[in-house]
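The following paragraphs lead through one structure, from its surface and its overall architecture to individual residues. Please keep the sequence and the coordinates at hand while reading.

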Amino acid sequence: VIFGRAIKTEYLTLGTLFATGGAVYASLGGKKDSASSGKPLAERVKEAVPINAGSSEEEQLMNSIKNFIAEAEKEGGAAHH
C-alpha cells in the first residue's frame, strides 16, 4: 500500500528494474576524454605531475628515483598482467 492505494507487486518490480537500469545508464554516460586515452598511464602521470627540485640534493634524489623507475619498467615491460 503506497499513499493509501494498493499497488501490484508486478508494477513495483518493473519500477525497480527500470529505475536501476536508468541509474546505471546515467552513470555510464558522459563525454569520454579521447585525447589522453591512447597514452600509457605512466606518461599521463609524468605530464600531470611535474617534479621540480629545489636543491642539488633533491635533484640527485629525483634522478636516482627516475633511474630506478626506468629500470623497473624495462624489467617489467615484457611481463605486463
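The protein exposes about 7700 Å², of which carbon and sulfur atoms supply 61%. The model is a predicted one, and this area accompanies a chain of 81 residues of which 0% count as buried. Because burial requires a relative accessible area under 20%, a share of 0% means that no residue falls below that cut-off.

The architecture is helical: the protein has three helices and zero strands, and along the sequence it follows the pattern α-α-α. Confidence varies along the chain. The mean pLDDT of the protein is 79, and 79% of the residues reach 70 or more. Among the elements, helix α1 has the highest mean pLDDT, at 92, whereas helix α2, residues 41-48, has the lowest, at 71. Where pLDDT is low, the predicted coordinates should not be read in detail.

Helix α1 comprises residues 9-28. Does its length agree or disagree with the expected span? At 1.5 Å a residue, the 20 residues of α1 should span 28 Å, and the end C-alpha atoms are 29 Å apart, so the two values agree. Helix α1 is also hardly covered, since the count of buried residues among its 20 residues is zero.

Two residues of this helix illustrate its surroundings. Leu12 has its place in α1 and shows a relative accessible area of 41%; it is therefore partly exposed. Leu12 also belongs to a nonpolar patch on the surface, together with Ile2, Phe3, Ile7, Tyr11, Leu14, Leu17 and Phe18. The residues of this patch have about 930 Å² of accessible area together. The accessible area of Leu12 is compatible with patch membership because patches are made of residues with over 30% relative accessible area.

Thr20 is likewise found in helix α1. With a relative accessible area of 45%, Thr20 is partly exposed. The side chain of Thr20 reaches the backbone oxygen of Thr16 at a distance of 2.8 Å. This pair counts as a polar contact because the cut-off is 3.5 Å.

Further along the chain, Ala53 lies in the loop between α2 and α3, the latter being residues 56-76. At 38% relative accessibility, Ala53 counts as partly exposed. The C-alpha atoms of Ala53 and Asn63 are separated by 10.0 Å, the two residues being ten residues apart along the chain.

Notes: Residues are numbered from 1 along each chain as its sequence is written. This is a predicted model: local features need pLDDT of at least 70, side-chain atom pairs count only at pLDDT 80 or more; totals for chains, interfaces and linings use all residues. Side-chain values use heavy atoms; hydrogens and water are left out. Patches are made of residues with over 30% relative accessible area and no salt bridge: like charges are joined within 9 Å, nonpolar side chains (Val, Leu, Ile, Met, Phe, Trp, Tyr) within 5 Å. Accessible areas come from the Shrake-Rupley method with a 1.4 Å probe; for residues, only the protein chains shown count as cover. A salt bridge is a side-chain nitrogen of Lys or Arg within 4 Å of a carboxyl oxygen of Asp or Glu. Helices (H or I, at least four residues) and strands (E, at least two) are DSSP runs, numbered from the N terminus. Buried means under 20% relative accessible area, exposed over 50%, partly exposed in between (1.4 Å probe, protein chains only). The expected span of a helix is 1.5 Å times one less than its number of residues. A polar contact is a pair of N or O atoms within 3.5 Å; within protein, one must be able to donate a hydrogen and the other to accept it, and residues adjacent in sequence count only if both atoms are side-chain atoms. pLDDT is the predictor's confidence in each residue, from 0 to 100.
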